[in-house]
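Work through the exercises below with the sequence and the structure at hand. Try each task before reading its solution.

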Amino acid sequence: MTNHNNNGHGQGPAARKAKIAAVTTGDSARGERLFRAMCAGCHSLGLRGIFGKPIASGGAMLYTSGLERRASQKWTFENLDAFLRAPKEFAGDTAMGAVAVKNAKDRRDLIEFLKV
Ligand code: HEC
């Protein structure tokens, strides 16, 4: 019998996905630093607390049709994660298209910051 110690490398996509889904709690202090560096130039800190609120409800902002179309949905973890990962996939013509956050932990921490 071969007993490879795969050190986690042999995980299938399903296992990886389950692992990611289980970790949806980020580090809000790190998220705040990221937000100040990456987002505050456009948003000041006005998006704090938008987690759980309806999409396109964040205040004095003009929204593109891509986000307006989703205004009946809420900013859940999944929606924020998808928007920040690939803004144009989430909301076609969004004005935030250039701001993709590629790193999953960065997204998780940013989202944690947006909860408080
Ligand atoms: C270049 C300016 C710019 C930067 C940088 C930027 N945003 Fe945005 N953001 C926008 C604009 C413009 C909108 C409105 C987009 C639309 O309507 O398509 C928006 C919308 C949003 C919304 C939806 C608000 C609502 O009311 O539903 C969230 C959440 C958001 N941004 C988070 C972030 C985060 C997190 C970052 C940093 C990783 C970031 N943004 C960086 C310009 C920016």
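**Exercise 1. Helix 7**

Which residues are buried in helix 7? Then check the length of the helix and say what covers its buried residues.

Solution. The model is a predicted one.

Step 1: Arg107, Arg108, Asp109, Leu110, Ile111, Glu112, Phe113 and Leu114 are the buried residues of helix 7.

Step 2: Helix 7 has twelve residues, so at 1.5 Å a residue a span of 16 Å is expected. The C-alpha atoms at its ends lie 17 Å apart, which agrees.

Step 3: Helix 2 (28–38) and helix 5 are among what covers the buried residues of helix 7.

Step 4: Take Ile111 from the list. Leaving out residues up to four places away in sequence, Ile111 touches Gly26, Phe51, Phe77, Leu80 and Asp81.

**Exercise 2. The nonpolar core**

Find the members of the largest nonpolar core that touch the most other members, and name the helix that gives this core its largest share.

Solution.

Step 1: The largest nonpolar core has 15 residues, and those touching the most other members are Leu80, Phe83, Leu84, Ala91, Leu110, Ile111 and Leu114.

Step 2: At least two residues of this core come from helix 5 (77–85), and at least two from helix 7 (104–115).

Step 3: With four residues, helix 7 makes the largest contribution to this core.

Step 4: As background, nonpolar side chains in soluble globular proteins tend to be buried together.

**Exercise 3. The whole chain**

Describe the protein by its helices and strands, its burial and its contacts.

Solution.

Step 1: The protein contains seven helices and zero strands. Along the sequence the pattern reads α-α-α-α-α-α-α.

Step 2: The protein has 116 residues, and 20% of them count as buried.

Step 3: Consider contacts between residues at least 6 apart in sequence; 57% of these join residues at least 24 apart.

**Exercise 4. Around the ligand**

How many residues surround the ligand, and which are the closest?

Solution.

Step 1: The ligand is surrounded by 24 residues, with Cys39, Cys42, Gly58, Thr64 and Thr94 the closest.

Step 2: Sort the shell by type. It holds 17 nonpolar residues, seven polar ones and no charged ones.

Step 3: Helix 3 (40–43) and helix 4 (65–68) each give at least two residues to the shell. Helix 3 gives the largest share, three residues.

**Exercise 5. Two positive phi angles**

Compare the phi angles of Ser44 and Ala56 with the general rule, and state how exposed each residue is.

Solution.

Step 1: Most residues other than glycine have a negative phi.

Step 2: Ser44 has a positive phi, near 45°. Ala56, which is not a glycine, also has a positive phi, of about 65°.

Step 3: Ser44 lies in the loop between helix 3 and helix 4. Ala56 is placed in the loop between helix 3 and helix 4 too.

Step 4: Ser44 has 10 C-beta neighbours inside 10 Å and therefore counts as exposed. Ala56 has 19 such neighbours, so it counts as partly exposed.

**Exercise 6. Confidence**

Which helix has the lowest mean pLDDT, and which the highest?

Solution.

Step 1: The average pLDDT of the protein is 85, and 81% of the residues score at least 70.

Step 2: Among the elements, helix 1 (residues 13–22) has the lowest mean, 62, and helix 5 the highest, 97.

Step 3: For residues 2–8 the pLDDT is below 50, and this stretch has zero contacts in the model beyond near neighbours in sequence.

Methods. Residues are numbered from 1 along each chain as its sequence is written. This is a predicted model: local features need pLDDT of at least 70, side-chain atom pairs count only at pLDDT 80 or more; totals for chains, interfaces and linings use all residues. A residue is near a molecule or strand if its C-beta atom, placed from the backbone, lies within 6 Å of it. Ala, Val, Leu, Ile, Met, Phe, Trp, Tyr, Cys and Pro count as nonpolar, Asp, Glu, Lys and Arg as charged, and the others, Gly among them, as polar. A residue is buried if 20 or more other C-beta atoms lie within 10 Å of its own, exposed if 12 or fewer, and partly exposed in between; C-beta atoms are placed from the backbone. Two residues are in contact if their C-beta atoms, placed from the backbone, lie within 7 Å. A nonpolar core is a set of buried Ala, Val, Leu, Ile, Met, Phe, Trp, Tyr and Cys residues joined through C-beta atoms within 7 Å. The expected span of a helix is 1.5 Å times one less than its number of residues. pLDDT is the predictor's confidence in each residue, from 0 to 100.
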